[in-house]
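Colleague: I'm new to this one and would like a close look at a single part. Could you take me through it slowly, and then show me what else is worth a look?

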Amino acid sequence: MKKMNYFRLLLLLLIVSYSNLFAQTYDGFSNEEIQSVFKQWNMDNWDDGGEISRYIFLNMPEFWTHAIINREGNVKSLKEDYRKEIEEFVVTSELGQMTLQDYVKTCDKVDGMIILQGDRIVYEAYPRMFSNDKHLYWSVSKVFASTLIAVLEDRKQLDVTKPIEHYLPELKGSGWEGVPIIDILDMASGIDCREWVDGAFENPETCYYQFEAALGFLKRTEKTADNAFEHIKTLSSAKTSGEIFEYTSVNTFVLSCLIERITGLSYAENIEREIWRKIGAESDAFITQTNGTSVSHAGISSTLRDLARFGYMFLTDGRSGDNTFVSNEYFDKIQKQGRPHLITAYGSENYTLDKEAVHHNTYQWDKVMEDGDFYKGGFSGQGLYISPSRNLVIAFFGTADDNGVYNELDDISRQIAKSDIFD
């Protein structure tokens with residue numbers, strides 16, 4: 001009897017030790033580590049990945065000026081209803097097969113992850129950030145611009161079939177002239193300022209480098225315009241718009257200029273009035289600015305729960321609440337009115353989610369799937385995945401490693417959504 005109790009105790013100690021290995025809490029950065037970041041960071045390395053990038057992504061106002069996006073009203077309650085079967089769901093990644101919990105804890109490129117089913121939090125983990133940290137969204141920021149455009153559409157304040165110069169006459173005579181707003185929304189403007197050409201982020205001679213330099217995300221040169229709008233006015237066209245999906249963040253910037261022109265309010269104020277005050281945010285957000293110009297394509301920071309609250313507004317209950325800003329018309333445009341030929345022309349065999357072909361992109365959402373799920377990703381491993389039919393929101397933050405390799409939570413989100421857990 002005593003021998004059996006001894007082995008039971010030994011087994012219990014082994015289980016507890018193993019659990020503690022994965023239950024270690026994030027301790028933040030020590031003062032010495034923070035000082036080291038400030039000694040090492042510069043405009044060339046701040047987004048390269050690793051611990052320098054992680055600290056900056058979590059503390060953007062220490063490095064750039066920002067506009068505050070104020071919350072208002074009651075906090076949207078998210079019930080904690082954590083489900084063990086989600087933690088134990090086996091995911092497939094470059095690390096092999098393991099449980100979701102093990103992947104999130106062991107992959108050093110994951111900062112935080114949350115899964116909502118309706119307004120219930122069924123999974124949540126913060127392996128490399130605090131729950132109240134405000135992490136940089138990077139390009140997940142883009143769907144705030146498209147959502148604001150949809151709000152203005154619903155109010156009949158703009159028509160996305162009209163050419164952009166109808167609202168921004170300064171763009172006449174440039175490569176933007178004659179480009180319908182819908183083509184800008186769908187990353188099919190044909191503008192000659194491509195983001196993924198060689199040297200776009202390193203070579204000051206490229207158009208895209210000068211765009212980011214004008215916004216303060218890259219080092220300025222003698223050729224850098226005083227502001228980003230002056231730069232985009234000089235751009236030429238590479239091809240006819242509406243023919244092919246070609247991702248470039250200058251499209252998002254033009255949309256934010258359009259929003260400001262129509263409303264007469266700053267971009268940050270538009271987000272605050274039309275979105276942030278309505279999601280029941282628990283905290284203020286902020287957006288990076290340079291000389292009063294918002295970095296609309298990549299500059300929003302907030303808590304992970306508040307990003308999930310934004311995602312919740314695309315679910316059925318979110319679209320039917322008193323503070324809804326996602327109309328049924330906008331929702332229908334995302335799911336059903338995209339143009340698959342844009343992806344086909346780009347090369348649909350190379351544009352997948354968990355090796356599954358993407359049906360279309362639209363309204364700045366990168367990937368809309370055949371079943372109606374849609375996803376927006378961001379540089380260095382950020383993401384927002386919406387599965388309306390499963391009443392599901394998955395949001396995550398990350399930091400690439402020192403080699404620039406991202407986490408695989410985009411593909412893993414698709415695996416989770418397609419599992420039978422939420423049937």
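Which cysteines form a disulfide, and how many Å apart are their sulfur atoms?

Modeller: Keep in mind as we go that this is a predicted model. The pair you're after is Cys193 and Cys207, with sulfur atoms 2.1 Å apart. The structure holds one disulfide, and this is it. Look along the S-S bond and you'll find a torsion of about -100 degrees, so the disulfide is left-handed. Cys193 lies in the loop between α7 (181-185) and α8, while Cys207 belongs to helix α8 itself, so the bond ties together parts 14 residues apart in sequence. Cys193 has a relative accessibility of 1%, so it counts as buried.

What about other cysteines? Take Cys257: the cysteine sulfur closest to its own is that of Cys193, but the gap is 13 Å, which is too far for a bond. Cys257 is buried too, at 10% relative accessibility. Cys107 also counts as buried, with 3%.

Now stay with helix α8, since there's a ring pair in it. The structure holds 38 aromatic pairs, and Tyr208 with Phe211 is one that is tilted, with 5.5 Å centre to centre and 55 degrees between the planes. These two are three residues apart in α8 (residues 207-214), so about one helical turn separates them. Why does that spacing matter for direction? An α-helix has 3.6 residues a turn, so residues three or four places apart point the same way. Both rings are tucked away: Tyr208 is buried with a relative accessible area of 1%, and Phe211 is buried at 0%.

For a contrast, go back to the aromatic pairs, of which the structure holds 38. Trp46 and Trp138 are stacked, 5.3 Å centre to centre and with 20 degrees between the planes. This pair links distant parts of the chain, its members being 92 residues apart. Trp46 sits in the loop between α2 (31-40) and α3 (50-58), and Trp138 in the loop between β7 (135-136) and α6 (142-154). Trp46 is buried at 0% relative accessible area, and Trp138 is buried as well, at 5%. The two also belong to a cluster linked by ring pairs, whose members include Phe29, Phe38, Trp41, Tyr55, Phe57, Phe217, Phe379 and Tyr406.

The loop holding Trp138 leads us to α6. This helix has 13 residues and reaches 19 Å from its first C-alpha to its last, close to the 18 Å expected at 1.5 Å a residue. Twelve of its 13 residues are buried, so α6 is largely enclosed by the rest of the structure. Among the buried ones are Val143, Phe144, Leu148, Ile149 and Leu152, and even Lys142 and Glu153 are on that list. Just after the helix, Lys156 takes a positive phi of about 65 degrees.

Before you go, here are two places where a charge meets a ring. The charged end of Arg319 sits over the ring of Phe331, 3.7 Å from its centre. With Lys367, the charged end sits over the ring of Tyr351, and there the distance to the ring centre is 5.0 Å.

So, back to your part: the Cys193 and Cys207 disulfide ties the loop between α7 and α8 to helix α8, and that helix also carries the tilted pair of Tyr208 and Phe211.

Definitions and conventions:
Residues are numbered from 1 along each chain as its sequence is written. This is a predicted model: local features need pLDDT of at least 70, side-chain atom pairs count only at pLDDT 80 or more; totals for chains, interfaces and linings use all residues. Side-chain values use heavy atoms; hydrogens and water are left out. Rings of Phe, Tyr and Trp (its six-membered ring) pair if their centres lie within 6.5 Å; planes under 30 degrees apart count as stacked, over 60 as edge-to-face and the rest as tilted. Helices (H or I, at least four residues) and strands (E, at least two) are DSSP runs, numbered from the N terminus. Buried means under 20% relative accessible area, exposed over 50%, partly exposed in between (1.4 Å probe, protein chains only). A charge sits over a ring if NZ of Lys or CZ of Arg is within 6 Å of the ring centre and within 35 degrees of the ring normal. A disulfide is a pair of cysteine sulfur atoms within 2.5 Å. The expected span of a helix is 1.5 Å times one less than its number of residues.
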